Amino acid sequence: MGASKILLPVLIVAIAIFVATIGPSFLANESSILMSEQSVNIDGMPFPSDIKIAGSKQVLCGGGTRSKWGFRVYAVGIYSDLKIVKSLRKKYGNVVDANLVRDFSESKQARTLLLRFHREVATSDMSDALGDALIDRVGEDASKKFSTFILDMVGGDRLKVGSSLYITCKGEKLLASLTEGKATDTISIKGLCSAIFTVYLGDSPVSPQAKEGFEKGFADLIVS
């Protein structure tokens, strides 16, 4: 009994030292992408490893978090039809560079941005933010049409924590829905699809973490 009384405080101290040692590094990796057989954890949000939208099966390439004023707003997963992966692997080999990322953004094959929200947001704020990010790429009129399109598609006043928003591009057609595989609303504006992927993957991405996650994930896909 006496020995156990002595060992208990020692054990508590040892655990405290261990937690203090690994805690910062564990927290620093909280936003990393954790893989499992069926899903991927991006910054605390689960993402399916593959989806099927508009008749196209797409695989998750990677992603990251969109933050605003230091707060996490949503995690974004970037999906691709395997035809794009095979085509870009044939063209670029195992190199993921700016040219490959540009070709991915401009592809006519199916690609999807899946947004999953860390915070409750006003639908109007979210649609305005997505539209504003497109102004320099497609012009003010097109960006306003896109904002209105997203606002009308979502319908409600607010997106709750954990809500999903699927934005799929195929050719010049953009499809949007709140649920995988359900009926989608569509809009066609020349240059819109490549522009919205450039928002996340271009030279000044709204989420550098998402672009980095995409590049790392795509590199894994083309060597697998």
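**Gly181**

I started at Gly181 and asked whether this residue is buried or exposed. With a relative accessible area of 59%, Gly181 is exposed. I note here that the model is a predicted one. Gly181 sits in the loop that runs between strand S11 (173-177) and strand S12 (185-188).

Next I looked up what Gly181 touches once its neighbours within four places in sequence are left aside. I found Lys52 and Ile53 in contact with Gly181. I also took the C-alpha to C-alpha distance from Gly181 to Ile51, which is 8.3 Å. In sequence Gly181 and Ile51 are 130 residues apart.

**Chain overview**

I then stepped back to the chain. I have 224 residues, of which 43% count as buried. I list 8 helices and 12 strands. The accessible surface comes to about 12100 Å². Carbon and sulfur atoms hold 57% of that surface.

I checked the contacts by sequence separation. Taking those with a separation of 6 or more, I find that 63% join residues 24 or more positions apart.

**Disulfide**

How many disulfides does the structure hold? I find 1. The partners are Cys169 and Cys193, with their sulfur atoms 2.5 Å apart. The cut-off for the call is within 2.5 Å. I read -95° about the S-S bond, a left-handed link. Cys169 belongs to strand S10 (residues 164-170) and Cys193 to helix H7 (residues 192-201), so the pair ties together parts that lie 24 residues apart in sequence.

I looked up accessibility for both partners. Cys169 is buried at 0% relative accessibility. Cys193 is buried as well, at 2%. I also looked at Cys61, which is buried with a relative accessible area of 3%.

**Nonpolar cores**

Which residues touch the most other members of the largest nonpolar core? I get Phe146 and Leu174, in a core of 47 residues. Helix H7 gives the most to this core, with 8 residues. I recorded a second, separate core of 11 residues, which includes Met45, Phe47, Ile51 and Leu114. Ile51, listed in that second core, is the residue I paired with Gly181 for the distance above.

I went through the contacts of Leu174, not counting residues up to four places away in sequence. Both disulfide partners, Cys169 and Cys193, are on the list. Phe146 is there too. Others I noted include Phe149, Ile167, Leu192 and Ile196. Asp185, Thr186 and Ile187 are also among them.

**Helix H3**

I turned to helix H3 (residues 98-106) and asked which of its residues are buried. Leu100, Val101, Asp103, Phe104 and Ser105 are buried. Their cover includes strand S6 (71-81), helix H2 (82-92) and strand S7 (111-117). Helix H7 and helix H8 (208-223) are also part of that cover.

I checked the N-terminal end of H3 for a cap. Asp97 caps that end. A side-chain oxygen of Asp97 lies 3.2 Å from the backbone nitrogen of Asn99.

**Salt bridges**

I count 8 salt bridges. I followed Lys91 and Asp103 to begin with; their closest N and O atoms are 2.8 Å apart. Lys91 is in helix H2 and Asp103 in helix H3, 12 residues apart. Is Lys91 buried or exposed? I find Lys91 exposed, at 55% relative accessibility. Asp103 counts as buried at 15%, because the limit for buried is under 20%.

I looked next at Glu140 and Lys144, whose side chains meet at 3.3 Å, N to O. The two are 4 residues apart in helix H6 (residues 140-154), which means about one helical turn separates them. Glu140 is partly exposed, at 47% relative accessibility. I also traced shared partners: salt bridges join Lys91, Arg102 and Asp103 into one network.

My last entry is Lys160 with Glu120, where the closest N and O atoms are 3.8 Å apart. Lys160 is in the loop between strand S9 (158-159) and S10, and Glu120 is in the loop between S7 and strand S8 (121-122), so this bridge ties together parts 40 residues apart in sequence. I have Glu120 as partly exposed, at 36% relative accessibility.

Note on methods
Residues are numbered from 1 along each chain as its sequence is written. This is a predicted model: local features need pLDDT of at least 70, side-chain atom pairs count only at pLDDT 80 or more; totals for chains, interfaces and linings use all residues. Side-chain values use heavy atoms; hydrogens and water are left out. Buried means under 20% relative accessible area, exposed over 50%, partly exposed in between (1.4 Å probe, protein chains only). A nonpolar core is a set of buried Ala, Val, Leu, Ile, Met, Phe, Trp, Tyr and Cys residues joined through side-chain atoms within 4.5 Å. Contact means heavy atoms within 4.5 Å. A polar contact is a pair of N or O atoms within 3.5 Å; within protein, one must be able to donate a hydrogen and the other to accept it, and residues adjacent in sequence count only if both atoms are side-chain atoms. Accessible areas come from the Shrake-Rupley method with a 1.4 Å probe; for residues, only the protein chains shown count as cover. A salt bridge is a side-chain nitrogen of Lys or Arg within 4 Å of a carboxyl oxygen of Asp or Glu.
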